[in-house]
Amino acid sequence: MSMENAYSNYADNMTGDHRALLADIKAVQHSTSDKLRDQGTADKIMKLETVHANQKLSESWSLVSVTGGKSSQAGRTQGHTKEDGTKAWHCHFSQLLAEPPKIIVVDEEIIPVLDGIRRAG
């Protein structure tokens, strides 16, 4: 029975049996949807691993979609024109680079971030 038929039966006769049948059909549909989504994700991951192993970097990046939505506005500068944006970036980096580094412990060892990561090549 389809979900539309089960809903129609439940709407016509709101009994516990019809409600349970509708809930069961919804559960099956959600489970199937989740399985298909998970399988699609697994397929994308396998393809990504394959193209990465073959060092096809442009294809790897084309497969990567972090949010799937609009790009973030976080890195955008404020300004109405291109010149205003350029001035804002200049001001930001001038202030950033003008200050001395904030190092608390001079003898502290800096651990490389990429240690232990397997690199292709």
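In this predicted model, the chain exposes about 11,200 Å². Carbon and sulfur atoms supply 57% of that area. Of the 121 residues, 6% count as buried.

**Overall build**

The chain has 4 helices and 0 strands. Along the sequence, the pattern reads α-α-α-α. Now take the contacts in the chain with a separation of 6 or more: residues 24 or more positions apart account for 15% of them.

**A patch on the surface**

Which residues form a nonpolar patch on the surface? They are Trp89, Phe93, Leu96 and Leu97. Together they have about 430 Å² of accessible area. Trp89 sits in helix α4, which covers residues 82-98. Is Trp89 buried or exposed? Its relative accessibility is 37%, so Trp89 counts as partly exposed. The reason lies in the cut-offs: buried means under 20%, exposed means over 50%, and partly exposed is in between.

**A residue in a loop**

Gln55 lies in the loop between α2 (16-53) and α3 (57-63). Its phi is positive, at about 55 degrees, although Gln55 is not a glycine. Gln55 counts as partly exposed because its relative accessibility is 47%.

**Two residues in a table**

| Residue | Place | Relative accessibility |
|---|---|---|
| Trp89 | helix α4 (residues 82-98) | 37%, partly exposed |
| Gln55 | loop between α2 (16-53) and α3 (57-63) | 47%, partly exposed |

Trp89 thus belongs to a helix, and Gln55 to a loop.

Conventions:
Residues numbered from 1 in each chain as written. Predicted model: local features only at pLDDT ≥ 70, side-chain atom pairs only at ≥ 80, totals over all residues. Heavy atoms only, no water. Patch = residues over 30% accessible without salt bridge, like charges linked within 9 Å, V, L, I, M, F, W, Y side chains within 5 Å. Areas by Shrake-Rupley, 256 points an atom, 1.4 Å probe, with all protein chains shown as cover. Salt bridge = Lys/Arg side-chain N within 4 Å of Asp/Glu carboxyl O. Helix = DSSP H or I, 4+ residues; strand = E, 2+ residues; numbered from the N terminus. Buried < 20%, exposed > 50% of the residue type's maximum accessible area, 1.4 Å probe, protein only. Contact = heavy atoms within 4.5 Å.
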